[in-house]
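Reader: Please take a close look at a single part of this model and then place it in its wider setting. Give the cut-offs behind each term as you go.

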Amino acid sequence: MRSRLSRIFTLALMLIMLVMSMNLTASASSYNYNASSSNVFTLVNMSGNPISEIYLRPSYNTALGQCRITNWIYNGNSATIRFTNAEMRLSVDWSMRICYTKGGRHYYSEWDNIYPSELVSAGTILLTSNEYGGMTLDYDGINPEQSGTFTLLNMTGDPITEIYFYPINNSNWGKLRNTSWVRNGAEVNVRFTANELALNTTWCMRLGFSGGRYSFVYWEDVPINAFVDSGFVTIYIDGGTYMYEIY
């Protein structure tokens, strides 16, 4: 009889331990610190300067915390930034700090009153340069669709050595758009990324020429989207003035 009661007691104890183990497992899985796919946003760098560090932290924290990127974000590129589930649950305002390089020196831009839910809801955050030499965050949630190209025809009589297109507030000219000289009468395909075409700003075009000496010609208010929509632009000289024409 005692042996039978002992077996019953042992079985009951095993059942109790099993139920407790299931409850502990359920509790642990319900508080998952790993970021889900809905806890991310894309930061697009269109500032003209490479970004080396990004920090996001609750405003009450004095320490910057862990850098949110592992590689530099060069102009025209983007990175995915993640929040953990625990971070998303914090109902406090955050601060965002970005380190970028300009002219060989490091600079910082910082914003307060940042909320992870707003960043995630926007999906895409655009970082641009402003007229004060700093940076601006665009919360409009720009979601570019596709890239575009156009053909640039050189009819100036001189070879084009360099081609640059960049937003007017950028402190540098950005990447070189051609890989070789464009001789007189020759053409070159110029490509714009989807992020560039989605950027609501004024663009500049700067061309380098070699006509016995190197010189640059500069235009503002260049209609980039019109260039892409047309697909064909000619550079020529009229009365000693460099011009462009969209076909």
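Author: Two strands are said to pair if DSSP finds at least two bridges between them; strands (E, at least two residues) and helices (H or I, at least four) are DSSP runs, numbered from the N terminus. The model is a predicted one, in which local features need pLDDT of at least 70 and side-chain atom pairs count only at pLDDT 80 or more, while totals for chains, interfaces and linings use all residues. Residues are numbered from 1 along each chain as its sequence is written, and side-chain values use heavy atoms, with hydrogens and water left out.

The part chosen here is strand E13, at residues 232-238. On one side, E13 runs parallel to E8 and is joined to it by five bridges; in this pairing Met 155 stands opposite Tyr 236. E13 is also joined to strand E14 (residues 241-246), by six bridges and in the antiparallel sense. There, Ile 235 has Tyr 244 of E14 opposite it. E13 and E14 make a hairpin with two residues between them, and Gly 239 in the turn has a positive phi of about 60°.

Within E13 sits Thr 234. With a relative accessible area of 5%, Thr 234 is buried (buried means under 20%, exposed over 50%, partly exposed in between, with a 1.4 Å probe and protein chains only). Residues up to four places away in sequence aside, Thr 234 touches Leu 153, Met 155, Met 243, Tyr 244, Glu 245 and Tyr 247, a contact being heavy atoms within 4.5 Å.

The strand also feeds a nonpolar core, that is, a set of buried Ala, Val, Leu, Ile, Met, Phe, Trp, Tyr and Cys residues joined through side-chain atoms within 4.5 Å. The largest such core has 27 residues, and those with the most contacts inside it are Phe 150, Leu 152, Phe 165 and Phe 192. E13 is one of the elements that each supply at least two residues of this core, alongside strands E1 (40-46), E8 (148-155), E9 (160-167), E10 (187-192), E11 (203-210) and E12 (214-222) and helix H5 (224-230). The largest share, four residues, comes from E11. Beyond neighbours within four places in sequence, Phe 192 is in contact with Ser 147, Gly 148, Phe 150, Phe 165, Arg 177, Leu 197, Trp 203, Ile 224 and Val 228. Another core, of 23 residues, lies apart from this one and includes Phe 41, Leu 43, Leu 56 and Ala 79.

Elsewhere, three strands form an open antiparallel sheet in the order E2-E4-E5. Its edge strands, E2 (51-58) and E5 (105-114), each pair on one side only. Strand E4 (residues 94-102) and E5 pair over eight bridges, with Arg 105 as the bridge partner of Lys 102.

The structure holds zero disulfides (a disulfide is a pair of cysteine sulfur atoms within 2.5 Å). Cys 99 cannot form one because its sulfur is 8.9 Å from the closest cysteine sulfur, in Cys 67, too far for a bond. Cys 99 counts as buried, at 1% relative accessibility, and so does Cys 204, at 0%.

For the setting as a whole, the protein chain has five helices and 14 strands. Buried residues make up 40% of its 247 residues. Among contacts with a separation of 6 or more, 62% are between residues 24 or more positions apart.
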